[in-house]
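Reader: I should like to understand the terms applied to this model and the grounds on which each is used. Please set every term against its definition.

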Amino acid sequence: MPDPAMLLDVAGLHATIDSKEILKGVDMRIPHGEIHALMGPNGSGKSTLAYALTGHPKYQITAGSATLKGTDLLPLTADLRAQLGVFLSFQHPTAIPGVTMVNFLRAAMRSQGKELSAREFLTRLTYEMAELKMDESFRSRYINDGFSGGEKKRAEILQMALLQPQLAILDEPDSGLDVDALRIVADGVRRAVEGSAGKMGVLLITHYNRILEYLRPDTVHIFSAGRVVASGGPSLAKEIEAMGYEGLLGEVAPVSASA
Amino acid sequence: MVTKTDPLSRDYKYGFHDQDVSVFRTEKGLSRKVVTAISQHKGEPEWMLEFRLKALGHFPKRPMPAWGADLSDINFDDIYYYVKPVDEQLNSWDDVPLSIKNTFDRLGIPEAERKFLAGVSAQYDSEVVYHSIHADLEKRGVIFSDCDTGLRLHSDIFRKYFGTIIPPNDNKFASLNSAVWSGGSFVYVPKGVHVEIPLQAYFRINSDNMGQFERTLIIAEEGSYVHYIEGCTAPTYSSNALHAAVVEIIAHKGAHVRYTTIQNWSDNVYNLVTKRAVAYEDATVEWIDGNLGSKVTMKYPAIYLMGERAHGEVLSAAFANSGQHQDAGSKCIHVAPHTTSNVVSRSISKGSGRTSYRGHIKVLPAAYDVKVNVRCDALLLDEESQSDTYPYMDIDNPDVTIGHEASVSKVGEDQLFYLRSRGISEQDATALIVNGFFEPFAKELPMEYAVELNRLLALSMEGAVG
């Protein structure tokens, strides 16, 4: 049974794309206010889990459950899940030419019942953009159109900061960033968690230990072949760095398979 | 994915119609008698009646276009060619008959006036019912009137240019217009005068089985500048209406003319318009052409680049909903050396809607050092919708640089998901993408028109969601 006290409760989740099974029984529970890291080899299905939880129409859920504070997410379309408080920071955000960031951000906030007056909105936006060291010209640029890799990541974090979700799924928010940009992004995530008074949970998909040093996850999950094969404290991330997935999975995989 | 609502079903907000208030109309169908009656009713000079009757002679001889859209439903015998709604033209808004005033209130004419436009003209069926121009423009010699008044009060200029760019035998619908034309705008800008604020005209068809045949003539003398804007609407009737306008623009040496139109006819109007401009030495002509409504539109704004360094721009946007065919494009004829043209076309098709881009670039042997750039992009909103591109190029000089790019795309699943993952509904997400696609066009519009365009598109996309 889903646990309504739990922010995110995923149990036995299976998902396919083009009738190919990618998720093969994912179990994961994220309490309010916790940061969980999700690590694993390329192609293990981490991004698919992110898409499946946020309602990408290309993915079919074939078994299992996913609830947010006890509410079943699976029958809901992506926009309704977002309105419930699920946010996805995309690994590769798509460009939408002709739609300015400012129009888009206002439309998104309006759709989530978080509309501000024009003045309040601009004040908030200016503040958040300054925190993320984003140039003012971002406002009138088209969504992700011609953005550099680093600009895209910051723009995703900006959206999270403005929308204040319950659950933020961050799909490699650190990839391709230099040290300074990484710190800015990590600070942005931490600010959002702290600003939520311990309510917002984070599922952080990453390959690198560095962002975890900034964000200090409560739990680290290891993902392999479509499911969570090991979970542990922050030290697990260090072990991966030292041993590699192969070394580590060689040890833990059999245990998890019988679990 | 199952879509429960039709996010782009069209809600035509100008679908209301007023009671017939006409004070005079000719009998249905086309004849010498009808053409003579129009001319006599207007008290025109003899040469204009002759011009009309000559054009009437050309009309049956000119073939229906065998290409483009399907025009087989047009019944020329079932059309009122002239309907006069009021006794005389008015310069005070208060004097406009209530039913007509209400219509233009809904279209936003009084607001336009309040915004201190340089001039406003409103045509209802065949005649211009309301007209005003700022006194200081009049003092500087600018003429902005309806075409009938232009003929009456400024016959020298009028006669010098009328029908010279688009002769009455140019094509079937130009012949028809030349025979029965009424209303439209006459604009004359003297040498060196810059008209800073746009001149605006509104055209409205209100009668059933009505043809509207306005005639617009714009003359910009050396070094002058003018921006002329028109908007068009019609109510929805069960039978089809015909709009066959003719627009002629003359941009003399170094003049700059921008012509902007947003046409939002109801979906039973045949919109068959001939638009042509000549640009002399160092002149610039820009056609900004938006086509949202109508059953069929066939319209290819043309620019003849007659003098050295003349420049032409055609920027068009078309939206074809189910049952609509927007066959639009452009023609750029490079006659002189060092001339340049730039064509940008954006079109969106939905349901059984169809958009076609038909472009003709011609470079004559004497025209060297010519630069041409054509870009047309089509967006399809579903599996059924359709778009075609017909680019024609006749290049008779080797010293020409031509860029041509065309693309057809569908609303991307990734784009939709990105917006929806932020809480934005499918309808609103589609509307945002559609607006974004039209942005290169919208940003060229005066602000109130850009807002209106966005609003019209959003309205079309609201569907059944409350």
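The exchange below takes up the chains, their cores and their contacts in turn.

Author: This is a predicted model, in which local features need pLDDT of at least 70 and side-chain atom pairs count only at pLDDT 80 or more, while totals for chains, interfaces and linings use all residues. Residues are numbered from 1 along each chain as its sequence is written, and chains are lettered from A and ligands numbered from 1 in the order in which they are written.

Reader: What makes chain A as compact as a globular protein of its length?

Author: Chain A has eight helices and 12 strands, where helices (H or I, at least four residues) and strands (E, at least two) are DSSP runs numbered from the N terminus. Its radius of gyration, taken over C-alpha atoms, is 18 Å, close to the 18 Å that the globule rule gives for 259 residues, so chain A is as compact as a globular protein of that length. The globule rule is 2.2 Å times the number of residues to the power 0.38. Along the principal axes, the C-alpha atoms of chain A fill a box of roughly 55 × 40 × 35 Å.

Reader: Which residues of helix H3 of chain A are called buried, and what does the word require?

Author: A residue is buried if 20 or more other C-beta atoms, placed from the backbone, lie within 10 Å of its own (exposed if 12 or fewer, partly exposed in between). In H3 (residues 101-111) of chain A, the residues that are buried include A:Met101, A:Phe104, A:Leu105 and A:Met109. The buried residues of H3(A) pack against several elements, among them helix H4 (118-131) and helix H5 (149-163) of chain A and also H10 of chain B. After H3(A) comes A:Gly113, with a positive phi near 65°.

Reader: How many residues of each chain take part in the contact between chains A and B?

Author: Two residues are in contact if their C-beta atoms, placed from the backbone, lie within 7 Å. In this sense 25 residues of chain A are in contact with 20 residues of chain B. On the side of chain A that touches chain B, H2, S7, H3 and H5 each supply at least two residues. That side has 14 nonpolar, nine polar and two charged residues; Ala, Val, Leu, Ile, Met, Phe, Trp, Tyr, Cys and Pro count as nonpolar, Asp, Glu, Lys and Arg as charged, and the others, Gly among them, as polar.

Reader: Why is the largest nonpolar core of chain B said to lie between two domains?

Author: A nonpolar core is a set of buried Ala, Val, Leu, Ile, Met, Phe, Trp, Tyr and Cys residues joined through C-beta atoms within 7 Å. Of the 195 residues in the largest one, B:Val187, B:Ala251, B:Val257 and B:Ala279 touch the most other members. Helix H10 (residues 426-442) of chain B gives the most to this core, with nine residues. Domain 1 (24-299) and domain 2 (411-466) of chain B both give residues to this core, so the core lies between them. The domain bounds come from an automatic or database domain assignment.

Reader: What does the contact between the two domains of chain B consist of?

Author: With domain 1 (24-299) and domain 2 (411-466) assigned, the contact takes seven residues from each of these domains of chain B. On the side of domain 1 that touches domain 2, strands S13 (256-264) and S15 (284-291) each supply at least two residues. S13(B) gives the most to that side, with three residues.
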